[in-house]
Amino acid sequence: MAKAHQAEVCAVAVAERSPIQEVSPGELEEEVEFFNRYYRDQLAKAQKVAAEAGISLTTQLETGHPAQAIVKAAEDGNFDLIVLGHRGISGVWARLLGSVAEKVSRHAHCSVLIVR
């Protein structure tokens with residue numbers, strides 16, 4: 001789709017911080033470094049796949065609540081479209097909390113394409 005429309009593509013990964021727990025500063029630093037390394041690796045893989053497909057891809061690593069961070073990145077980047085997956089969380093959690101995809105689609109300033 002990006003290639004057909006000659007679109008600029010930005011992959012946004014969001015490292016969600018867990019609720020405050022009683023952890024030592026060392027444990028918190030280890031967790032932050034682990035997730036930063038994980039998401040940097042995922043974004044590097046996305047860049048490789050995009051390059052192989054002939055698509056230019058920029059990446060962003062954000063921290064915070066996933067829906068809020070995605071919506072803010074889209075606003076700051078003046079995105080025309082947000083494309084995201086839907087994990088299919090069901091049951092009580094979905095009814096109480098809602099999904100990231102649902103929250104993004106409700107709050108984004110632009111169109112949202114949810115892929116199942």
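The questions below deal with cores, helix packing and backbone angles in a predicted model. Local features need pLDDT of at least 70 and side-chain atom pairs pLDDT 80 or more, while totals for chains, interfaces and linings use all residues. Residues are numbered from 1 along each chain as its sequence is written, and side-chain values use heavy atoms, with hydrogens and water left out.

Q: Which helix or strand supplies the largest share of the largest nonpolar core?
A: A nonpolar core is a set of buried Ala, Val, Leu, Ile, Met, Phe, Trp, Tyr and Cys residues joined through side-chain atoms within 4.5 Å; buried means under 20% relative accessible area, exposed over 50%, partly exposed in between (1.4 Å probe, protein chains only). The largest core has 13 residues, with I70, I82, L84 and V104 making the most contacts inside it. At least two residues each come from α2 (66-76), β3 (81-85) and α4 (100-107), where helices (H or I, at least four residues) and strands (E, at least two) are DSSP runs numbered from the N terminus. The largest share, five residues, is that of α2.

Q: Against which elements do the buried residues of α2 pack?
A: The buried residues of this helix are P66, A67, A69, I70, V71, A73 and A74. Packing here rests on contact, meaning heavy atoms within 4.5 Å. The partners are β1 (9-15), β2 (57-63), β3 and α4.

Q: At what angle do α2 and α4 pack?
A: Axes are lines fitted to C-alpha atoms, for helices over the stretch in contact, and angles run from 0 to 180 degrees between N-to-C directions. The contact is made by P66, A67, I70, V71 and E75 of α2 and by V100, K103, V104 and H107 of α4. The two axes are 9 Å apart, and the angle is about 35°.

Q: Which backbone atom lies 3.0 Å from a polar atom of the S99 side chain?
A: S99 sits in the loop between α3 (92-97) and α4. Its relative accessibility is 16%, so S99 counts as buried. A polar contact is a pair of N or O atoms within 3.5 Å; within protein, one must be able to donate a hydrogen and the other to accept it, and residues adjacent in sequence count only if both atoms are side-chain atoms. The atom at 3.0 Å is the backbone nitrogen of E102.

Q: Is N78 buried or exposed?
A: N78 is in the loop between α2 and β3. Its phi is near 55°, a positive value in a residue other than glycine. With a relative accessible area of 59%, N78 is exposed.
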